[in-house]
Amino acid sequence: MKKVMFIIVGLLVSVSVNAATLSWNSVDTTWQTFESASLITATKNFNESNNQAYTRTLSFNVADGPATLDGLLVETTDAQFDIASVSLAGNSLVFNALTSRWNLNNLVVLATGTYDFVIDINNVIKGGLLNVQISQVPVPAALLLFAPALLGFFGLRRKAAVAA
């Protein structure tokens with residue numbers, strides 16, 4: 001009877017676990033956006049060059065959190081941007097000179113809510129494409145099956161210890 005109870009509880013736990021969903025909250029209409037459950041992308045084409053400093057803020061939502069972000073990058077294509085800093089929820093991104101991208105150094109866990117992704121640009125030296133991509137760590141199916149198996153092993157071990 002206890003084995004059956006462990007199996008039922010394990011199935012309920014594994015079925016009720018959901019991965020968080022990412023979505024853009026408010027993005028200027030000049031940005032092209034793409035959304036899937038674990039990846040959101042915003043792209044903007046700059047046709048002009050200017051010498052003005054400005055800040056671009058992209059707001060996004062995390063639903064059914066928490067979400068663990070593993071990929072967060074800002075990259076430019078055929079462009080020269082003088083980007084001063086990039087940050088998300090108090091975490092600064094680091095510029096990688098080899099790939100010309102701003103990357104997140106470590107995993108960031110975000111609870112359910114709305115977050116701002118801030119890009120401080122000193123000026124656009126030459127027009128081009130600015131791409132922002134945010135992705136999260138997927139929850140593997142094996143992890144969902146591991147918890148019920150572990151509970152079962154502890155149950156068998158306890159039963160063997162009581163019988164001895």
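Which residues does Ser-59 touch, not counting residues up to four places away in sequence? The legends below take up this point in the third view, after an overview of the predicted model.

**View 1. Overall arrangement of the predicted model.** The protein contains 2 helices and 12 strands. Read from the N terminus, the elements follow the order α-β-β-β-β-β-β-β-β-β-β-β-β-α. Of the 164 residues, 30% count as buried. Among contacts between residues at least 6 apart in sequence, 79% join residues at least 24 apart. The exposed surface amounts to about 10,000 Å², of which carbon and sulfur atoms supply 58%.

**View 2. The open sheet of 5 strands.** The strands are arranged in the order 1-4-11-6-7, with antiparallel pairing. Strand 1 and strand 7 each have a single partner strand and stand at the edges, so one side of each lacks a neighbour in the sheet. Strand 4 and strand 11 run antiparallel and are joined by 9 bridges; here Leu-58 stands opposite Phe-117 in strand 11. Strand 11 (residues 113-126) also pairs with strand 6 (residues 80-88), in the antiparallel sense and over 8 bridges, with Phe-81 opposite Val-124.

**View 3. Surroundings of Ser-59 in strand 4.** Ser-59 touches Trp-24, Asn-25, Ser-26, Val-27, Thr-114, Tyr-115 and Asp-116, when residues up to four places away in sequence are not counted. One of these, Asp-116, makes a polar contact through its side chain with the side chain of Ser-59, at 3.4 Å. The relative accessible area of Ser-59 is 7%, and the residue is therefore classed as buried, the cut-off being under 20%.

**View 4. The hairpin of strand 6 and strand 7.** These two strands pair in the antiparallel sense over 2 bridges, strand 7 comprising residues 91-92. Leu-88 stands opposite Asn-91 in strand 7. The hairpin has 2 residues between its strands, and Ala-89 in the turn has a positive phi of about 50°.

**View 5. The largest nonpolar core, with 32 residues.** The residues with the most contacts inside this core are Phe-60, Val-74, Ile-83, Phe-117, Ile-119 and Leu-130. Two or more residues are contributed by each of strand 1 (21-26), strand 3 (39-46), strand 4 (54-63), strand 5 (67-77), strand 6, strand 10 (108-110), strand 11 and strand 12 (128-136). Strand 11 provides the largest share, 5 residues. Not counting residues up to four places away in sequence, Ile-119 touches Tyr-54, Thr-55, Arg-56, Val-74, Ile-83, Ser-85, Val-86, Leu-130 and Val-132. In soluble globular proteins, nonpolar side chains tend to be buried together.

**View 6. Aromatic pairs, 3 in count.** Trp-24 and Phe-60 form an edge-to-face pair, with 6.3 Å centre to centre and 80° between the planes. This pair links distant parts of the chain, since Trp-24 lies in strand 1 and Phe-60 in strand 4, 36 residues apart. Both Trp-24 and Phe-60 are buried. Phe-95 and Trp-102 form a tilted pair, with 5.4 Å centre to centre and 55° between the planes. Phe-95 is partly exposed, with a relative accessible area of 43%, whereas Trp-102 is buried, with a relative accessible area of 11%. Trp-24, Phe-60 and Tyr-115 form one aromatic cluster; Trp-24 and Tyr-115 are also among the residues that Ser-59 touches.

Technical notes:
Residues are numbered from 1 along each chain as its sequence is written. This is a predicted model: local features need pLDDT of at least 70, side-chain atom pairs count only at pLDDT 80 or more; totals for chains, interfaces and linings use all residues. Side-chain values use heavy atoms; hydrogens and water are left out. Two strands pair if DSSP finds at least two bridges between them. Helices (H or I, at least four residues) and strands (E, at least two) are DSSP runs, numbered from the N terminus. A nonpolar core is a set of buried Ala, Val, Leu, Ile, Met, Phe, Trp, Tyr and Cys residues joined through side-chain atoms within 4.5 Å. Buried means under 20% relative accessible area, exposed over 50%, partly exposed in between (1.4 Å probe, protein chains only). Contact means heavy atoms within 4.5 Å. Accessible areas come from the Shrake-Rupley method with a 1.4 Å probe; for residues, only the protein chains shown count as cover. A polar contact is a pair of N or O atoms within 3.5 Å; within protein, one must be able to donate a hydrogen and the other to accept it, and residues adjacent in sequence count only if both atoms are side-chain atoms. Rings of Phe, Tyr and Trp (its six-membered ring) pair if their centres lie within 6.5 Å; planes under 30 degrees apart count as stacked, over 60 as edge-to-face and the rest as tilted.
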